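Hello,

Here is the structure I promised to pass on. My notes follow below it.

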Amino acid sequence: MSATPVWPEELFTDLDRTGPVPLYYQVSSRLEQAIRSGRIPTGARLENEISIGEKLGLSRPTVRRAIQELVDKGLLVRRRGIGTQVVQGQVSRPVELTSLFEDLERTHHEPSTRVLSHEVIPADETIAEKLSVAVGSDVLRIRRLRGTDGSPVAILENYLPLEYTDLTEEDLNAKGLYQLLRARGVTIRIANQSISARRAHADEADLLDTARGGPLLTMERVAFDDSGKAVEFGHHCYRPDLYRFETTLVAK
């Protein structure tokens, strides 16, 4: 991330202050073009709204609205203690059998992982049902914070049967879960998946650097190998300003 705030003032020298196009829209459009072209790189931090307003001779509400337009598009993110930062758009995830790690790599984002917990626990009724194991049997529970471009994107919580409890934190920090399973000869063939939304819990808001009680996308999945055996049960939550699901619908 750029330590020095950036603002390409030369892009805004000919703002039309008397025409019909709102000033906030002119600023937002030129800033968006600079981000998408790479003129303002991913990870760069913008100057604050007051400074931008003084440079351009615009009111703070006008600048704030211009910035918010790009926050809503997923091009900028406001981070506590850091300011407004370029994140170069949302990560789009097709609704198919891939992992977030793979989706980030596919879209040319550099994935980062922090393992929050890694423990063997007894399966409760829900986990036992999802994994088709006995209640009370040992399962591996892993919880990870996945990010990209310096911003947290998702919290991933997964449960795996006993034979996978030897997966290490080092493995999970370096690779995606599905990559690790495939390396062990597991062929993930099919999954049952549901997508929803809910409010962020306190620890989720802190980890994802978002508002407490704010909206999160959620996904729950049970994946099966080619023999029909459940190999993982996961429930994940995502920042909606940085992540979205996509699907293609075909008429019958």
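**What sits over α2**

The cover over the buried residues of α2 includes α1, α3 and β1 (76-79). Please keep in mind that this is a predicted model. Helix α2 spans residues 49-56, and its buried residues are E49, S51, I52, G53 and L56.

Both ends of α2 are worth a look. At its start, a side-chain oxygen of N48 comes within 3.2 Å of the backbone nitrogen of I50. After α2 comes G57, with a positive phi near 70°.

**α2 against α3**

Two numbers describe a pair of packed helices: the angle between the axes and the distance between them. For α2 and α3 the angle is about 115°, and the axes are 9 Å apart. α2 is therefore roughly perpendicular to α3. The crossing of the two is right-handed.

Which residues meet here? From α2 they are E49, I50, I52 and G53; from α3 they are R60, V63 and R64. By class, this contact of α2 with α3 holds 3 nonpolar, 1 polar and 3 charged residues. E49, I52 and G53 take part in this contact, and E49, I52 and G53 are also on the list of buried residues in α2.

**α1 against α3**

Helix α3 (residues 60-72) also packs against helix α1 (residues 23-36). Here the angle is about 40°, with the axes 8 Å apart. So α1 is oblique to α3. α1 passes α3 in a right-handed crossing.

On the α1 side, the contact is made by L23, Y24, V27, S28, L31, E32 and I35. On the α3 side, T62, R65, A66, I67, E69 and L70 contribute. This contact of α1 with α3 divides into 8 nonpolar, 2 polar and 3 charged residues.

**T84 in β2**

I67 of α3 turns up again in the surroundings of T84. T84 belongs to strand β2 (residues 83-86). Is T84 buried or exposed? T84 is buried, with a relative accessible area of 13%. Leaving aside residues up to four places away in sequence, T84 touches A44, R45, L46, I67, L76, V77 and R78.

**Two positive phi values outside glycine**

Most residues other than glycine have a negative phi. Two cases here go the other way.

- S132 has a phi near 55°, a positive value. S132 sits in the loop between α5 (125-131) and β5 (138-148). S132 is exposed, with a relative accessible area of 64%.
- D209 is not a glycine either, yet has a positive phi of about 55°. D209 lies in the loop between α8 (202-208) and β8 (215-225). D209 is buried, with a relative accessible area of 13%.

The loop setting recurs: S132 follows the α5 stretch, and D209 follows the α8 stretch. Burial separates them, as S132 is exposed whereas D209 is buried.

**The whole chain**

How many helices and strands does the protein chain have? There are 8 helices and 10 strands. The chain has 252 residues, and 47% of them count as buried. Among contacts in the protein chain with a separation of 6 or more, 60% join residues 24 or more positions apart.

Best wishes

Methods:
Residues are numbered from 1 along each chain as its sequence is written. This is a predicted model: local features need pLDDT of at least 70, side-chain atom pairs count only at pLDDT 80 or more; totals for chains, interfaces and linings use all residues. Side-chain values use heavy atoms; hydrogens and water are left out. Axes are lines fitted to C-alpha atoms, for helices over the stretch in contact, and angles run from 0 to 180 degrees between N-to-C directions. Helices (H or I, at least four residues) and strands (E, at least two) are DSSP runs, numbered from the N terminus. Angles under 35 degrees count as roughly parallel, over 145 as roughly antiparallel, 65 to 115 as roughly perpendicular and the rest as oblique. A crossing is left-handed if the near helix is turned anticlockwise from the far one by less than a right angle, and right-handed if clockwise. Contact means heavy atoms within 4.5 Å. Ala, Val, Leu, Ile, Met, Phe, Trp, Tyr, Cys and Pro count as nonpolar, Asp, Glu, Lys and Arg as charged, and the others, Gly among them, as polar. Buried means under 20% relative accessible area, exposed over 50%, partly exposed in between (1.4 Å probe, protein chains only). A polar contact is a pair of N or O atoms within 3.5 Å; within protein, one must be able to donate a hydrogen and the other to accept it, and residues adjacent in sequence count only if both atoms are side-chain atoms.
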